[in-house]
Amino acid sequence: MKAATVVQIKKELQHRNPDEILQLCLRLARFKKENKELLTYLLFEADSEEGYIETIKAEVNEQFELINIASFFYIKKSVRKILRTIKKYARYSGNKETEVALLLYFCEQLKGFNPSIKRNTTLTNLYERQLVFIAKKINVLHEDLQYDYGLALDELKL
C-alpha cells in the first residue's frame, strides 16, 4: 500500500466532520508510541515551551545517570540513544530555539561526563559534530538569541 501525500490527507480531512477526525486521531494514537508522544506534546506541552524543555532535561539527566560505564561500547550506545531521544523531542516541538537549547544541554552533560569522552575518539567526534550542528542552527535564530547561544557554545568547545 502506498501512503498518501500530506496534501491529499489534508484535503480529505477537510471533508470529514469533527467526530470522525477525533476518532481518526485516537486510532492513530493507539498504534505508535511516537504518535502518542506527539499528540501529548501538541495537547499538553505546546503552551509552555520552557516547561517542555525542563521536562526533557530532567529525562536526559536520568538517562545519563543510567549509563553503564563498564566500557566505552556501552557508553557510546547510551549516548547515541539519548541523542536520538533529544532529536525526536525537538522534532515534536518544531521550534529551533528548543532544539538548540536541548542540544546545548546534551553537550554540557556529555562534556562533564565521567569517564571523559576525550579518551574515546568516537564520542569526541560525536561531540564535535553536535557543536558544528548547533552552530549552524544558531545562525538562523534571532540576533539576541544568537549572541546568548553563541556564548554557551564557546564555553563547550574542547
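The contact between helices H4 and H5 is my starting point: Glu49, Tyr52, Ile56, Glu59, Val60, Gln63 and Phe64 of H4 meet Ile82, Thr85, Ile86, Tyr89, Tyr92 and Ser93 of H5. Contact here means heavy atoms within 4.5 Å. By class, this interface has eight nonpolar, three polar and two charged residues. In that scheme Ala, Val, Leu, Ile, Met, Phe, Trp, Tyr, Cys and Pro count as nonpolar, Asp, Glu, Lys and Arg as charged, and the others, Gly among them, as polar.

Before going on, I should state that this is a predicted model, in which local features need pLDDT of at least 70, side-chain atom pairs count only at pLDDT 80 or more, and totals for chains, interfaces and linings use all residues. Residues are numbered from 1 along each chain as its sequence is written, and side-chain values use heavy atoms, with hydrogens and water left out.

How do H4 and H5 pack, and at what angle? Helix H4 covers residues 49–65 and helix H5 residues 72–93, and they pack at about 170° with their axes 11 Å apart. H4 is therefore roughly antiparallel to H5. Angles under 35 degrees count as roughly parallel, over 145 as roughly antiparallel, 65 to 115 as roughly perpendicular and the rest as oblique. The axes are lines fitted to C-alpha atoms, for helices over the stretch in contact, and the angles run from 0 to 180 degrees between N-to-C directions.

Let me turn to the chain as a whole. The protein chain has eight helices and zero strands; from the N terminus on, its elements run α-α-α-α-α-α-α-α. The radius of gyration is 19 Å, well over the 15 Å that the globule rule gives for 158 residues, so the chain is more spread out than a compact globule. That radius is taken over C-alpha atoms, and the rule is 2.2 Å times the number of residues to the power 0.38. Helices (H or I, at least four residues) and strands (E, at least two) are DSSP runs, numbered from the N terminus. Along the principal axes, the C-alpha atoms fill a box of roughly 60 × 40 × 30 Å. Of the 158 residues, 35% count as buried; buried means under 20% relative accessible area, exposed over 50%, and partly exposed in between, with a 1.4 Å probe and protein chains only. Among contacts between residues at least 6 apart in sequence, 66% join residues at least 24 apart.

The next pair is H5 with H6. Their axes come within 9 Å and cross at roughly 165°, so H5 and H6 are roughly antiparallel to each other. The crossing is right-handed. A crossing is left-handed if the near helix is turned anticlockwise from the far one by less than a right angle, and right-handed if clockwise. Val79, Ile82, Leu83, Ile86, Ala90 and Ser93 in H5 meet Thr98, Glu99, Leu102, Leu103, Phe106 and Leu110 in H6. This contact has nine nonpolar, two polar and one charged residues.

Glu99, in helix H6, deserves a separate word. Is Glu99 buried or exposed? With a relative accessible area of 13%, Glu99 is buried. Leaving aside neighbours within four places in sequence, Glu99 is in contact with Ala90, Phe133 and Lys137.

Beyond H6, the peptide bond from Asn114 to Pro115 is cis, with omega near 5°, and Pro115 lies in the loop between H6 and H7. Ser116 belongs to that loop between helix H6 (96–111) and H7, and counts as partly exposed at 26% relative accessibility.

The third pair is H7 (residues 121–138) with H8 (residues 143–156), whose axes come within 10 Å and cross at roughly 165°. H7 is thus roughly antiparallel to H8, and the crossing is left-handed. Tyr127, Leu131, Ile134, Ala135 and Ile138 of H7 make the contact with Gln146, Tyr149, Gly150, Leu153 and Leu156 of H8. It comprises eight nonpolar, two polar and no charged residues.

Which residues does Leu141 touch? Leu141 sits in the loop between H7 and H8 and counts as buried at 10% relative accessibility. Not counting residues up to four places away in sequence, Leu141 touches Lys96, Glu97, Val100, Gln146 and Tyr149. The C-alpha atoms of Leu141 and Val100 are 41 residues apart along the chain and separated by 9.5 Å.

Finally, Lys11 lies in helix H1 (residues 6–14) and counts as exposed at 51% relative accessibility. From C-alpha to C-alpha, Lys11 and Lys137 are 33 Å apart in space, and 126 residues apart in sequence.
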